[in-house]
Amino acid sequence: MRWLEKPLRDVALGLRSREVTSAELLHEAAERAQATEPQLNAYKTWGGAQSEEMARSADAAFRSGKDSGALQGVPVSVKDLYGVPGLPIFAGTPRELPEAWRSPGAIARRLIAQHAVITGKTHTVEFAFGALGLNAHWATPRNPWDAVHHRVPGGSSSGAGVSLCQGSALVALGTDTAGSVRIPASVTGNVGYKPTRGRWPTTGIVPLSALFDTPGILARTVSDACFAAADFDRHGAGADFARIDSAPHVARPLRIGVPDRMFWDDCDAGIAEGVRSALNELAKSGHDVKAIAFPEAEAAFDVFRAGATAAAELLAFLRQELPEWIPTLHEFIGTRVEASAHLPAVEFLERVRRLETLARATRLRFDDIDVIATATAPLSPPRVDELVSWEVYRAFNLRMVRNTSIANLLGLNALTLPVALDAARMPVGLQIMAAPGRDDLLFAAGVAIEQALGPARQRRGAPP
């Protein structure tokens with residue numbers, strides 16, 4: 001088995017025992033990217049010489065006995081919303097953003113400080129405002145699970161999941177405002193983690209919504225995601241590899257609540273069936289899986305369907321920081337942004353307060369359950385050539401984001417993990433959501449589910 005096919009923990013241990021070097025890992029990652037990037041198009045910018053220097057620096061730190069963090073020497077792709085010194089930032093737009101946006105925030109600084117190897121900047125939807133992954137300014141990354149048709153990779157972190165399938169990165173950084181980590185993770189057969197809002201800072205990241213943005217992680221397994229996330233949770237407090245190396249667990253059967261409405265409606269063939277089959281397996285393995293009421297979810301999505309707040313927040317940001325970029329917005333982005341200009345301030349505040357009220361009520365749902373489980377994306381990723389008009393795009397986009405947006409709107413943390421293939425042979429994700437601040441329980445539940453269901457690759461194979 002090549003090193004980039006091993007679990008992340010084993011790679012980290014291999015680096016520390018000198019069985020493999022960071023330079024060797026990067027060489028393997030670059031070979032994989034070179035072989036498939038012309039078809040998959042995961043990256044807006046490949047790190048090249050800068051990545052090679054990062055690998056040499058990581059190896060030098062290991063030789064001197066310095067252990068800066070769990071991801072030292074590990075190839076990591078970064079969504080092109082994060083500022084990274086030395087790498088251009090486009091944020092999915094047709095022109096490079098000003099130099100100031102290259103400045104790293106807390107998450108990127110943590111990566112750099114611990115000598116992770118940033119392989120490059122992955123594609124994103126323009127200003128992260130879309131759930132399908134489409135970008136008309138730059139070629140849309142290709143979902144690796146269809147060898148015949150160019151299907152969307154999910155958005156807005158559109159290149160992130162593709163980079164994991166490609167094998168050019170072991171961890172991918174994304175952002176999640178309404179599902180932009182979990183959707184691309186789900187439809188490319190990976191794991192995606194959205195922290196509780198505020199757990200990780202959003203500094204140094206081009207914003208979409210100050211109310212709902214969170215950084216997030218995509219990885220190949222829950223264990224890999226947990227391993228990487230534990231390091232970011234330390235807020236740069238220094239290396240403690242032994243503690244990071246241990247995964248959370250629950251000593252009793254999980255209490256899993258399954259909403260009986262909305263999340264299962266209008267799912268493409270094989271999606272609801274695949275997730276419910278996985279839930280049945282969990283019940284047979286001893287976990288407590290039960291139906292619950294979740295009316296707050298439907299009420300929150302009604303607010304989202306009416307426009308929520310993101311479009312208005314994006315317009316305000318662009319007017320203040322990047323006014324020259326407004327005329328270049330693609331129709332599928334600009335239509336929503338322009339419409340928000342007519343949103344009265346009173347209605348904006350009413351939407352915010354309505355969601356806050358629903359979020360408070362939602363916390364009571366977790367009195368007798370650990371997590372809420374749903375299908376992640378109800379939509380099988382459409383072909384790019386199907387998205388021919390604003391009306392078609394809007395309908396697909398709204399369906400794609402329906403289930404994931406609930407965690408953002410109601411202040412929950414969430415995780416998706418692959419459990420099946422749908423009727424089109426595209427990956428299907430199981431989403432679990434936990435109460436605010438209970439990210440530890442979320443990961444413990446994810447690890448338990450992954451162990452009960454078995455390795456994802458055995459369940460759904462590998463992308464063609």
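I take a cavity to be a set of grid points where a 1.4 Å probe fits but cannot get out, and its lining residues to be those with an atom within 4 Å of a point. I note at the outset that the model is predicted.

**Entry 1: cavities**

I looked up the enclosed spaces and found 5 cavities of 30 Å³ or more. The largest cavity has a volume of about 70 Å³. Which residues line the largest cavity? I listed Val 125, Glu 126, Leu 134, Asn 135, Ala 136, His 137, His 330, Phe 332, Ile 333 and Tyr 393. I then sorted this lining by residue type and obtained 6 nonpolar, 3 polar and 1 charged.

**Entry 2: Ser 389**

Phe 332, one of the lining residues of the largest cavity, led me to Ser 389. The C-alpha atoms of Ser 389 and Phe 332 are separated by 8.5 Å, although the two residues are 57 residues apart along the chain. I placed Ser 389 in the loop between strand S9 (371-375) and helix H14 (390-409). Is Ser 389 buried or partly exposed? I recorded Ser 389 as partly exposed because its relative accessibility is 21%, and buried means under 20%. A polar atom of the Ser 389 side chain lies 3.2 Å from the backbone nitrogen of Val 392.

**Entry 3: salt bridges**

I searched the whole structure and found 26 salt bridges. I examined several individually.

Asp 67 forms a salt bridge with Arg 16, with the closest N and O atoms 2.8 Å apart. Asp 67 lies in the loop between helix H3 (49-63) and strand S2 (75-79) and Arg 16 in helix H1 (residues 8-16), so this pair ties together parts that are 51 residues apart in sequence. I noted Asp 67 as partly exposed, at 29% relative accessibility.

Glu 28 pairs with Arg 32 in a salt bridge, the closest N and O atoms being 3.2 Å apart. Glu 28 and Arg 32 are separated by about one helical turn because they are 4 residues apart in helix H2 (residues 22-40). I found both Glu 28 and Arg 32 to be buried.

Arg 261 and Glu 298 meet through their side chains in a salt bridge, at 3.4 Å from N to O. What does this pair tie together? Arg 261 lies in the loop between strand S7 (255-259) and helix H9 (271-284), and Glu 298 in helix H10 (residues 295-305), so the pair ties together parts that are 37 residues apart in sequence. I recorded Glu 298 as partly exposed, with a relative accessible area of 24%.

Lastly, I traced salt bridges that share partners and found Arg 2, Glu 5, Glu 28, Glu 31 and Arg 32 joined into one network.

Methods
Residues numbered from 1 in each chain as written. Predicted model: local features only at pLDDT ≥ 70, side-chain atom pairs only at ≥ 80, totals over all residues. Heavy atoms only, no water. Helix = DSSP H or I, 4+ residues; strand = E, 2+ residues; numbered from the N terminus. Buried < 20%, exposed > 50% of the residue type's maximum accessible area, 1.4 Å probe, protein only. Polar contact = N/O pair within 3.5 Å; in protein donor to acceptor, adjacent residues only side chain to side chain. Salt bridge = Lys/Arg side-chain N within 4 Å of Asp/Glu carboxyl O. 1 Å grid on protein atoms, 1.4 Å probe; cavity = no way out; pocket = protein on both sides within 12 Å on 5 of 7 lines; lining within 4 Å. Points joined across faces, edges and corners; volume = space filled by probe spheres on them. Nonpolar A, V, L, I, M, F, W, Y, C, P; charged D, E, K, R; others polar.
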